[in-house]
Amino acid sequence: SSTTNLPGGGTLPDGRSPEAASSTPMTWVTPETPLEQVVVMFDREHLTGLMVVDQQQLVGLVTVRDILRCIAQQTPLDAPIGQHMTQDLAVLQAQDLNHAFGAIHTMRQRGIHHLPVVNANHEPVDLITVNDLQQHLVPPHVLKLQTVRSLVTPRLGLVSQTDTMAMVAHQLVELQLSCVLVLDEEGSRWSGRPIGMVLRQDVIRMVAQGLNLDQVTVRSVMRDALFFLKPSDSLWLAYQEMQQHQLSCLVVLESDETLLGLITQSDLIYSLDLHHLQHAMGATWQLMSQAEANQANFLKHHQAELERLVQARTEQLAEQAKCDRILTTLTQHIHESLDLQAVLSTTVSEVRQLLQTDRASIFQFDTAASGTIVVEAAAEGCSSILGQAVRDDCFADHWSEAYRKGRIQAIEDIH
């Protein structure tokens, strides 16, 4: 089959060239071939594309999308395929294709899943498909650095088990999907994780068997959805799982099992385009560089914060040490002398030095509104207020009770 031959320099896991992947002769049809025969060929040979050749010249291409469109539109099965083939083709000259990644770049640029290869006379040489590329190419390790979230598509086709395959065919065509998901339906709302899926080839198989899609339910055809990806999984894992299970799409669920979307075979293959990989590597490098810069700024900030805290703690300990020295001095004076005036004089002197103030004094209340400065320690040049009587009725009315209960006030600048 043409869908198993891959010209160019792609490498198989065992080191063989892509041309050695199959010895099956290239498959093609003429424009007069009936649609029914083409459907049977797609089902029997598991094709996704088929070249249409007239007098040894490539004149068109029939893809699985073309077949599904004919099915959805209920095209008569005896209609010649030439009336429904794609004629505006992107092709590669055989001599221009020297590596499989060159085919990927062309397919990604033009948004196609099939790429005919022709010789100088426009005679068909082979047909490269997304499925061939996935089966034959070893994914680069850079896919381990990219997550499924970067490629997930939210465009979904959803059906219930009681829907018909005709509805599935319409969704596949209208939304241009490779599969639809089967969910339980509660009332008018979808609920839960997918319980199955229906692929494009399942629809084609039903038609090839001569069944009426309006009479076939999804329940009788659907496949079990046994494997789900997480958004944080790597594209490498997605590639391996899709290759192992031979699926064209995989379901992506959030951690709470919310349905996020699909990752498709074509999206994975397009991600292998060297230009895309170069962009992805550049983006990854930028993220790593930004992370390193953020880490450096984080450490620098926390180092400065740590230095500030150490400095503050050092100053706090120094102040505590001064207070301890004053307390020790006062205790010593109390033990040495029972003279209250001497103890108070020592106290105000030590406090003034500790607080680095011009004056420290002790005020003795006679009443709630009046009192006298009974002890004072003042810097040189400051006039003395020792013995000065003070009366303040406003203080007695509004503040005396608060200060009696321990109120403390510090004013940085009294002027």
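Here is a short back-and-forth about helix packing and salt bridges in this predicted model.

User: How many helices and strands does the protein chain come to?
Analyst: Let's start with the overall make-up. Buried residues account for 39% of the 415 residues in the protein chain. Its secondary structure comes to twelve helices and 16 strands.

User: Among contacts between residues at least 6 apart in sequence, what share joins residues at least 24 apart?
Analyst: This one looks at how contacts spread along the sequence. Taking the contacts in the protein chain between residues at least 6 apart, those joining residues at least 24 apart make up 58%.

User: Are H1 and H2 oblique or parallel to each other?
Analyst: H1 covers residues 35-44 and H2 covers residues 64-72, and their axes sit 11 Å apart at an angle of about 130°. Angles from 65 to 115 degrees count as roughly perpendicular and those over 145 as roughly antiparallel. An angle of about 130° fits neither class, so H1 is, relative to H2, oblique.

User: How many nonpolar residues are in the contact of H1 with H2?
Analyst: H1 passes H2 in a left-handed crossing. On the H1 side the contact uses Leu 35, Val 38, Val 39 and Phe 42, and on the H2 side Val 64, Ile 67 and Cys 70. None of these residues is polar or charged, and the nonpolar count is seven.

User: What is the handedness of the crossing where H2 passes H6?
Analyst: The axes of H2 and H6 come within 11 Å and cross at roughly 55°. The two helices are therefore oblique to each other. As for handedness, H2 passes H6 in a crossing that is left-handed.

User: How many charged residues are in the contact of H2 with H6?
Analyst: H2 brings Val 64, Arg 65, Ile 67, Leu 68 and Ile 71, while H6 brings Arg 200, Val 203, Ile 204 and Val 207. Arg counts as charged, and Arg 65 and Arg 200 are both in that list. The split is seven nonpolar, no polar and, for charged, two.

User: Is Asp 66 buried or exposed?
Analyst: Asp 66 pairs with Arg 69 in a salt bridge, 2.6 Å from N to O. The two are three residues apart in helix H2, so about one helical turn separates them. Arg 69 is partly exposed at 33% relative accessibility. Asp 66 has a relative accessible area of 4%, and the cut-off for buried is under 20%, so Asp 66 is buried.

User: How far apart are the closest N and O atoms of Asp 202 and Arg 223?
Analyst: This salt bridge links distant parts of the chain, with Asp 202 in helix H6 (residues 200-208) and Arg 223 in strand E10 (residues 223-224), 21 residues apart. Asp 202 is buried at 1% relative accessibility, whereas Arg 223 is partly exposed at 31%. Their closest N and O atoms lie at a separation of 2.8 Å.

User: Which helix holds both Glu 305 and Arg 308?
Analyst: The side chains of Glu 305 and Arg 308 meet in a salt bridge, 2.7 Å from N to O. Glu 305 is partly exposed at 29% relative accessibility, and Arg 308 is partly exposed too, at 46%. They lie three residues apart, about one turn, in helix H9.

User: Which residues do salt bridges that share partners join into one network?
Analyst: The structure holds twelve salt bridges. Among them is the pair of Asp 202 and Arg 223. Through shared partners, one network joins Asp 202, Arg 205 and Arg 223.

Note on methods:
Residues are numbered from 1 along each chain as its sequence is written. This is a predicted model: local features need pLDDT of at least 70, side-chain atom pairs count only at pLDDT 80 or more; totals for chains, interfaces and linings use all residues. Side-chain values use heavy atoms; hydrogens and water are left out. Axes are lines fitted to C-alpha atoms, for helices over the stretch in contact, and angles run from 0 to 180 degrees between N-to-C directions. Helices (H or I, at least four residues) and strands (E, at least two) are DSSP runs, numbered from the N terminus. Angles under 35 degrees count as roughly parallel, over 145 as roughly antiparallel, 65 to 115 as roughly perpendicular and the rest as oblique. A crossing is left-handed if the near helix is turned anticlockwise from the far one by less than a right angle, and right-handed if clockwise. Contact means heavy atoms within 4.5 Å. A salt bridge is a side-chain nitrogen of Lys or Arg within 4 Å of a carboxyl oxygen of Asp or Glu. Buried means under 20% relative accessible area, exposed over 50%, partly exposed in between (1.4 Å probe, protein chains only).
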